Amino acid sequence: MPAEVQADPIVRITALRKSYGANEVLKGIDLDVSRGEVIAIIGKSGSGKSTLLRCVNGLEQFQDGALTVNGKPLLYESAMAMRALRQQVGMIFQGFNLFPHLSVGRNVMLAPTLVKKRSQVDAAEQARALLARVGLAEKFDAMPDQLSGGQQQRVAIARALAMEPAVLLCDEITSALDPELVGEVLRVVESLAEEGMTLLMVTHEMGFARKVADRVVFMHQGRVHEMGSPAELFGAPQTPELRQFLSSLHD
Amino acid sequence: MIEFTLWDIVRNLLLALRWTVALSAIAFIGGGLVGGLLLTLRIGLGRRTQRLIALYVQLFQGTPLLMQLFLAYFGLALLGLEVSAWTAATLALTLYTSAYLVEIWRGCVEAVPRGQWEAARSLALSFGEQLRHVILPQAARLAIAPTVGFLVQVIKGTALASVIGFVELTKAGSMIANASFKPFLVFGCVALLYFALCFPISIFAQRLERQTHAR
Amino acid sequence: MIQFDFLAVLAEWPLLLKGLAWTLGLTLVATPLGLIIATLGAWSRASGPAWLRRALGVYVELQRNTPFIVQLFFIFFGLPAAGLKLSPEAASLIAMTLNLGAYGTEILRAGIQATPRGQWEAAQSLALSPVQTFTRVVLPPALQRVWPALTSQIIIVMLGSAVCGQISTEELSYAANLIQSRNFRAFEAFIIATLTYLALAMLARRLLMWAGPRFIFGRRPA
């Protein structure tokens with residue numbers, strides 16, 4: 001577990017505000033993420049957790065405040081700047097979003113060959129290595145629809161890792177999985193954390209957050225309501241909202 | 001009065017059928033090319049282009065094909081061009097086909113789940129790369145069945161070219177029916193010939209539709 | 001420089017109006033008749049005897065795979081030779097009705113087949129008869145499901161009625177043709193007719209999408 005604040009934070013969010021029309025979903029978020037930190041974001045649905053995550057890689061645009069990744073602010077008008085950002089920040093989706101018309105191997109190879117201009121041979125080698133890492137080496141030529149949900153999500157992780165991002169965003173990556181498949185995905189994520197990957201995870205898996213996260217952020221109605229180490233947040237919740245949220249999970 | 005045997009009738013109809021097939025093929029392929037061009041413009045350029053193309057589509061879908069044929073025929077004549085029924089029919093049917101196809105294909109692009117766009121974007125692919133490698137392959141797969149199905153509409157549409165004088169299957173049928181005083185038989189044969197041409201294509205399109213949704 | 005003379009065409013507005021009236025009239029009669037055939041056809045194809053399903057299948061495929069103009073010519077020119085002589089208007093009406101009936105059967109059949117299994121089971125459990133189940137439980141949601149597709153088909157038939165002018169039915173395209181044969185303003189006449197058809201199509205779509213929920217399949221919350 002790395003120390004709290006070393007060099008400049010890799011992701012710096014300052015007074016971020018976002019609205020959908022008249023509805024303000026993020027009401028001023030302040031968050032600094034250090035290199036190698038694992039942050040779990042928890043909260044009720046509608047608290048703005050996924051929206052915040054999607055702001056970090058530019059899938060959502062915010063109206064007020066500042067967000068910098070590796071010191072560089074988000075420039076929505078510049079397609080090139082956004083592409084550069086997305087090489088730094090990878091995302092894993094709740095619905096996996098694998099490309100159904102490409103084999104597993106080609107799913108992983110696509111972005112490195114197109115964006116990083118890697119040769120087919122190198123990309124294939126990297127893809128095989130990454131698939132082996134997530135435990136799916138033998139599935140290189142399989143098609144996504146032949147895989148279980150847990151396997152598909154692990155391929156999605158390999159696909160994101162192929163771009164060698166500095167930060168990985170995980171948007172409820174186990175919520176769409178059958179319970180018995182959740183473990184295999186979380187094990188991969190845990191190994192990434194151990195290797196020092198910076199992770200921002202929106203999750204409902206409290207046990208996992210407690211074990212792996214360096215910091216837990218509890219969001220409520222568009223604000224950071226409580227923040228601290230897992231021991232602090234789960235062991236000694238300060239606000240009634242957090243207490244209520246935690247007890248509702250045990251029902 | 002000349003006596004027409006059944007074989008006389010069918011033989012002449014079959015000769016005219018060639019022109020139906022030719023007109024259908026040219027309109028379908030030409031319409032596909034124009035439609036494809038319009039689709040690229042629609043996806044690539046901004047709101048105004050989208051609105052223009054939507055207007056184009058509504059013009060062709062909201063007016064009778066017969067009127068489009070008349071306008072092509074008389075419109076081109078106004079410009080002082082030597083207009084044959086063949087030219088006018090080809091022009092009208094090609095544009096008609098392009099409007100319907102761009103609409104069908106647009107629907108297929110929109111049917112690709114948003115998550116695919118998001119995943120491709122998150123992997124730092126440019127817009128062009130997203131389209132070419134992720135979205136269009138999936139849209140194309142969805143588009144095959146309805147595109148093949150539309151070919152049947154094109155073939156049926158060629159029958160209206162008879163009204164501006166183009167001698168395809170329907171016109172030949174009218175002429176033979178008049179000459180032979182056997183309208184029941186002749187138009188019956190005309191209908192059966194269209195059926196023989198269209199039905200296999202319809203069945204094929206239905207099979208493609210089932211395959212697309214079986215995955 | 002090309003000279004356009006739209007006024008010469010608009011001066012003949014009584015003819016245009018008569019043509020418009022005929023187009024609307026034919027559509028207004030063919031639509032409910034066609035929908036009735038479609039309802040009976042869809043029900044039969046979903047739950048009728050095998051011979052009836054097959055016969056309807058033949059009807060539908062013949063309609064869908066032959067051009068409307070050929071159907072019209074067959075009815076108007078061909079049937080008299082077999083003993084059945086019809087006026088142009090009657091032939092037009094029959095052709096349009098049969099056309100809408102065939103396409104409507106297929107569209108509505110798809111809507112009916114999309115009825116969730118649970119609906120049939122609930123109706124059965126409530127001891128409803130097959131007719132009651134069909135008319136009260138299955139048909140209204142099915143109609144709502146396919147209403148946009150049915151609306152489109154009605155408009156297609158309305159636009160297709162332009163062909164009926166070829167057998168001297170005095171609808172809008174016939175009027176335009178008549179006008180241009182008198183004053184040689186062919187392009188102007190057909191532009192005006194085409195724009196009228198376009199307006200009709202747009203109005204018809206709005207009207208049908210508004211009327212459907214209100215009168216056809218019962219009020220539904222948005």
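Select A:Val11 and A:Val33 to begin: in strand β2 of chain A, A:Val33 is the bridge partner of A:Val11. Keep in mind as you go that this is a predicted model.

**Stop 1: the strands around A:Val11**

Leave A:Val11 selected and add A:Val69. This residue of β4(A) stands opposite A:Val11. You now have markers on three strands, and you can extend the selection strand by strand.

Show residues 11-20 of chain A, which are strand β1, together with β2(A): the two run antiparallel and are joined by 8 bridges. They form a hairpin, with 2 residues between the strands. Click on A:Gly21 in that turn and check its backbone torsions; phi is positive there, at about 60 degrees.

Next, bring in β4(A), residues 64-69. Its link to β1(A) is also antiparallel, with 5 bridges. On to β5(A), which pairs with β4(A) in the antiparallel sense over 2 bridges. To find this pairing in the viewer, pick A:Thr68 and look for A:Pro73, its bridge partner in β5(A).

With these strands coloured, the order can be read across: β2-β1-β4-β5, an open sheet of 4 strands with antiparallel pairing. Why do β2 (23-33) and β5 (72-73) of chain A each have one side without a neighbour in the sheet? Both stand at the edges and have a single partner strand each, so one side of each is left free of a neighbour in the sheet. If you switch on hydrogen bonds, look along the backbone, since strands of a sheet pair through backbone hydrogen bonds.

**Stop 2: all of chain A**

Zoom out to the full chain. Chain A has 9 helices and 10 strands. Its radius of gyration is 18 Å, close to the 18 Å from the globule rule for 251 residues, so chain A is as compact as a globular protein of that length. Its C-alpha trace spans about 55 × 45 × 40 Å along the principal axes.

Of the 251 residues in chain A, 44% are buried. Taking contacts in this chain between residues at least 6 apart in sequence, 66% join residues at least 24 apart.

Now colour by pLDDT. The mean for chain A is 91, and 97% of its residues reach 70 or more. Which elements of chain A have the lowest and the highest mean pLDDT? Select helix α9 (residues 240-250) for the lowest, 87, and strand β8 (residues 198-202) for the highest, 96.

**Stop 3: from chain A to chain B**

Select the residues of chain A in contact with chain B: there are 20, meeting 17 residues of chain B. On the chain A side, the elements giving two or more residues are α2 (79-88), β6 (89-92) and α3 (104-115). Colour this side by class and you will find 11 nonpolar, 6 polar and 3 charged residues.

**Stop 4: all of chain B**

Hide chain A for a moment. Chain B has 8 helices and 0 strands. Its C-alpha trace spans about 75 × 45 × 20 Å along the principal axes. Buried residues account for 44% of its 215 residues. For contacts in chain B with a separation of 6 or more, residues 24 or more positions apart account for 76%.

**Stop 5: from chain B to chain C**

Bring chain C into view. Of the 2 pairs of chains that touch, B and C have the most contacts between them. Here 30 residues of chain B are in contact with 32 residues of chain C. On the chain B side, α3 (65-78), α6 (127-158), α7 (169-180) and α8 (183-214) each supply at least two residues. Select α8(B) next; with 11 residues, this helix gives the most to that side. The class colouring on this side of chain B shows 21 nonpolar, 7 polar and 2 charged residues.

What about chains A and C? No contact joins them, and their closest C-alpha atoms lie 21 Å apart.

**Stop 6: the nonpolar core**

Finish with all three chains shown. The largest nonpolar core has 197 residues, and those with the most contacts inside it include A:Ile39, A:Leu200, B:Leu69 and C:Phe190. Helix α4 of chain B (residues 85-111) contributes the largest share, 12 residues.

For a last close-up, centre on B:Leu69. Beyond its neighbours within four places in sequence, its contacts include B:Ala88, B:Ala92, B:Leu160 and B:Ile164.

Notes: Residues are numbered from 1 along each chain as its sequence is written. Chains are lettered from A and ligands numbered from 1 in the order in which they are written. This is a predicted model: local features need pLDDT of at least 70, side-chain atom pairs count only at pLDDT 80 or more; totals for chains, interfaces and linings use all residues. A nonpolar core is a set of buried Ala, Val, Leu, Ile, Met, Phe, Trp, Tyr and Cys residues joined through C-beta atoms within 7 Å. A residue is buried if 20 or more other C-beta atoms lie within 10 Å of its own, exposed if 12 or fewer, and partly exposed in between; C-beta atoms are placed from the backbone. Two residues are in contact if their C-beta atoms, placed from the backbone, lie within 7 Å. Ala, Val, Leu, Ile, Met, Phe, Trp, Tyr, Cys and Pro count as nonpolar, Asp, Glu, Lys and Arg as charged, and the others, Gly among them, as polar. Two strands pair if DSSP finds at least two bridges between them. pLDDT is the predictor's confidence in each residue, from 0 to 100. The radius of gyration is taken over C-alpha atoms; the globule rule is 2.2 Å times the number of residues to the power 0.38.
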